[in-house]
Amino acid sequence: LAILSESRADEVLLSDVVMRTADGEQRLAGRVVAEGAAGELLLEDPAGRMRQLSAAEVVGREDRRGVWQPADAEQLGRLLKTEAGSGIEVYQTEHYLVCSNCSEGYNEFIGRLLETVYAQYFDFWKKLNVDVASAGRPLPVLMFQSESEFQAYASRIHPETGFEGVPGFFSVRDNLVLVVDLTGDRSLREVSAVRKKLADRPLQVATVVHEAVHQLSFNSGLQQRFADFPVWYSEGLSLYFEPPSERAAGLWSRPGQVSPRHHPEFVRLVRDETLPVPLSELLVNDNAFQSADAAVAAYAESWGLVSYLVKKKPLEFAEYARRLQRLQPLQAVPGSARQQMFTEAIGETPAELSGRLIPWVRRL
């Protein structure tokens, strides 16, 4: 009896929750990811979507131990097709589930691009000796041919956010990359035709790469969703990967190329050997990313800082990444702890690092 009562190693905490909403009560079921100090509950459903509930929202809850069974590719594809509307077809690659109403050529082009990014992502961390692992299930990507369809779906899943002028994003909550087809042409059946069209639209390639890296980071053990990661690290890593390559077959080949967007901004904004957003602030809080005036500088500095650390201090950067891997969902990290974690891993103060970073980026 004692042996039979022991939990299996692959069992997790599952929960059936009744929550209070403006429209009445709603039932949710899924895997318990984390519980906060104030009674918050982070629940993941089989489709990989997470819901953060406050203690006041939970009316009833029934827990049990069991084996977690996330949705497979067929189930996830069927769900996205139902939600996204008519015309959506599923295009599956080795590691991705692409749901799209775009042209055949565009689907194939983006599928190849995603797989290239996937391979380069894992090779990048392998060289740095940082442990990351495959998610073990297809990563969902939803693509719309028209801006109106993209905006409608984006507003439905994130009504609190405006997406005007945004060509794509990764939803941490829904674990979904959402992209609009900037070619605007559903007649493109050949990959070569798509490549020719996108050669004049590098933002499309950069966006797909950028958001794919976010998704990979949160599905490979590098980052935990709903953990308190520094924004400069999350964004800087995706920015480090995103620059397109005009000569590559897929218009992108590898991370680490000089950013045609953020390098000029970095050089333009640095005055008198001073960063517009001091590293002492960028490292410990995310305020600059919330300010319209400071955001451009914050993104440019994040790209420059990650580029510098990867190229000049790879061992220290890898150690910093390993420390960040330990951060857990719903646990706030104060600025002092962020500062200490960075300084101990990198071995330099923000002031010392700024003096090396600025001339290095300028010379690129």
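Contact here means heavy atoms within 4.5 Å. In this predicted model, Ser238 touches His210, Val213 and His214 by that criterion, residues up to four places away in sequence not being counted. The side chain of Ser238 also has a polar atom that lies 3.1 Å from the backbone oxygen of His210.

Ser238 is found in helix H7, which spans residues 231-241. Because its relative accessible area is 1%, under the 20% limit, Ser238 is classed as buried. The helix around Ser238 is mostly covered, with ten of the eleven residues of H7 buried; among them are Trp232, Glu235, Gly236 and Phe241.

The pockets of the model are summarised below.

| Pocket | Volume | Nonpolar lining residues | Polar lining residues | Charged lining residues |
|---|---|---|---|---|
| Largest | about 1200 Å³ | 18 | 13 | seven |
| Second largest | about 420 Å³ | seven | seven | four |

The largest pocket holds about 1200 Å³ of space, and of the 38 residues that line this pocket, His210, His214, Val231, Glu235 and Tyr299 are the closest to its centre. Strand S9 (168-171) and the helices H6 (202-217), H7, H8 (262-269) and H10 (295-312) are the elements that give two or more residues to this lining, and H6 gives the most, with six residues. His210 and His214, which Ser238 touches, are thus named again among the residues closest to the centre of the largest pocket.

The second largest pocket, with a volume of about 420 Å³, is lined by 18 residues, of which Arg31, Glu44, Arg137, Phe218 and Asn219 are the closest to its centre.

Notes. Residues are numbered from 1 along each chain as its sequence is written. This is a predicted model: local features need pLDDT of at least 70, side-chain atom pairs count only at pLDDT 80 or more; totals for chains, interfaces and linings use all residues. Side-chain values use heavy atoms; hydrogens and water are left out. Helices (H or I, at least four residues) and strands (E, at least two) are DSSP runs, numbered from the N terminus. Buried means under 20% relative accessible area, exposed over 50%, partly exposed in between (1.4 Å probe, protein chains only). A polar contact is a pair of N or O atoms within 3.5 Å; within protein, one must be able to donate a hydrogen and the other to accept it, and residues adjacent in sequence count only if both atoms are side-chain atoms. On a 1 Å grid over the protein atoms alone, a cavity is a set of points where a 1.4 Å probe fits but cannot get out, and a pocket is an open set with protein on both sides within 12 Å along at least five of seven lines; lining residues have an atom within 4 Å of a point. Grid points are joined across faces, edges and corners, and a volume is the space filled by probe spheres set on the points. Ala, Val, Leu, Ile, Met, Phe, Trp, Tyr, Cys and Pro count as nonpolar, Asp, Glu, Lys and Arg as charged, and the others, Gly among them, as polar.
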